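Thanks for asking me to look this one over. Here are my notes, written to be read with the model open beside you.

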Amino acid sequence: MNDPNEWRPSCTLTMLQIRAAMLRAARQFFYSHNFLEVETPCLSRDIVIDAWLEPFEFTHSEQRWFLQTSPEAGMKRLLAAGANSIFQVSRVFRKGEMGDRHNPEFTMLEWYGVGSTWNEQLLLTESLVRTCLDAAAQITGINPGQTWATPFACTTYAGAFHDAFSIDVHTASGDELLAVARQSGVPVPESCDAAQRDEILNAMLAFAIEPRLGQCRTSLQSSPEFLCDYPPSQAALAVTSTDTPQVARRFELYINGLELCNGYQELTDVEELQRRERIQNSVRVDSHYDSLPGASRMMEAMKSGLPECSGVALGFDRLVMVATNSRTISEVMAFAADRA
């Protein structure tokens, strides 16, 4: 340890008071909406497969164990076992995530509303965010949400791409997307080809669309913004519609270009889950990552009957950043990675 002050917290003691007040408010919010608080393992042999998330892996008793990137698998097992609407404040872990907005260990607030739709959870998310900001304002004296419009703005994925690139994201070919991306200065890797459609879309979203989401539009004040109706290839564990064009029933919330949460109308079809796991592992291998075993216990739980539900995962540290107008995630954590 070269810095003699490295033992000190990353954040101020006042920030810890703000976090505590926001956590209390979040818990009370869910209690008042009849959600049960639960706890599931941070360390498990199961892991939900995501091509773009790399878990920390350990070998124990000659088996592969993973620090969870989300409490999703355990929570869905509880839902299948008969739990009604549930929420959890969980520590989660994602390898290689470091920066102003990322830390390899962070706090996630995740919940599942049984019998609810993604639209209902979208509205619940807005109410939760406002509740937590109100709690922080009791200490800071400042509430960035006081001038926000109600409800928050909601933009479709296709609408955002049309505004940014003047293309129809549902019908554009991989070659067309690649050409538009490069003409627009999006840093798509030279090795990327037209067949890697989702990689191209992700780059276009990250560099040209996300920084503008939840920004001020008609006034000097920011306006939180949901992005919804993703292409089916970006469904993750969300259901897809039967409309034309087909879309994934998924949303994300942005404030000043900062992504706060990810919400789904949850997939209950086991065969479709297995198909998507195979695709995600294929993308991982093509991207030179190890394949992952998946969440076999969650799969068995779904076979027994996962109730119709919608779920949301919210980065709590980022919500504290919004409440305190902090620039970096280390400012809102007791000990960020460089001091852990």
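The points below cover a small sheet, a cavity and one threonine.

1. Before anything else, please keep in mind that this is a predicted model. The values in these notes are computed from its atoms.

2. Let's begin with the sheet. Three strands make up an open sheet, arranged in the order 2-4-3 with antiparallel pairing. Strand 2 (43-44) and strand 3 (57-60) are the edge strands; each has a single partner strand, so one side of each is left without a neighbour in the sheet. As general background, strands of a sheet pair through backbone hydrogen bonds, in either a parallel or an antiparallel way.

3. How many bridges join strand 3 to strand 4? There are 4, and the two strands run antiparallel. Strand 2 is joined to strand 4 (residues 63-67) by 2 bridges, again in an antiparallel arrangement.

4. Phe 66 in strand 4 is a good residue to click on. Phe 66 is the bridge partner of Ser 44, and Phe 66 is also the bridge partner of Glu 57.

5. Have a look at the turn as well. Strand 3 and strand 4 form a hairpin with 2 residues between the strands. Within this hairpin, Ser 61 adopts a positive phi near 55°.

6. Now to the empty space. Searching the whole structure turns up 1 cavity of 30 Å³ or more. The largest cavity holds about 90 Å³ of space.

7. Which residues line the largest cavity? They are Thr 40, Pro 41, Ser 44, Asp 46, Gln 68, Ser 70, Pro 71, Glu 72, Ala 73, Gly 74 and Arg 77. Ser 44 thus belongs to the lining as well as being bridged to Phe 66. Helix 2 (residues 72-80) contributes the most to this lining, with 4 residues. Sorted by class, the lining has 5 polar, 3 charged and 3 nonpolar residues.

8. Finally, a word on Thr 328, which sits in the segment after helix 9 (316-324). Is Thr 328 buried or exposed? Thr 328 counts as buried because its relative accessibility is 8%, and the cut-off for buried is under 20%.

9. As for the surroundings of Thr 328, its side chain makes a polar contact of 3.1 Å with the side chain of Ser 330. Leaving aside residues up to four places away in sequence, Thr 328 touches Asp 100 and Met 321.

Definitions and conventions: Residues numbered from 1 in each chain as written. Predicted model: local features only at pLDDT ≥ 70, side-chain atom pairs only at ≥ 80, totals over all residues. Heavy atoms only, no water. 1 Å grid on protein atoms, 1.4 Å probe; cavity = no way out; pocket = protein on both sides within 12 Å on 5 of 7 lines; lining within 4 Å. Points joined across faces, edges and corners; volume = space filled by probe spheres on them. Nonpolar A, V, L, I, M, F, W, Y, C, P; charged D, E, K, R; others polar. Buried < 20%, exposed > 50% of the residue type's maximum accessible area, 1.4 Å probe, protein only. Polar contact = N/O pair within 3.5 Å; in protein donor to acceptor, adjacent residues only side chain to side chain. Contact = heavy atoms within 4.5 Å. Pairing = 2+ DSSP bridges.
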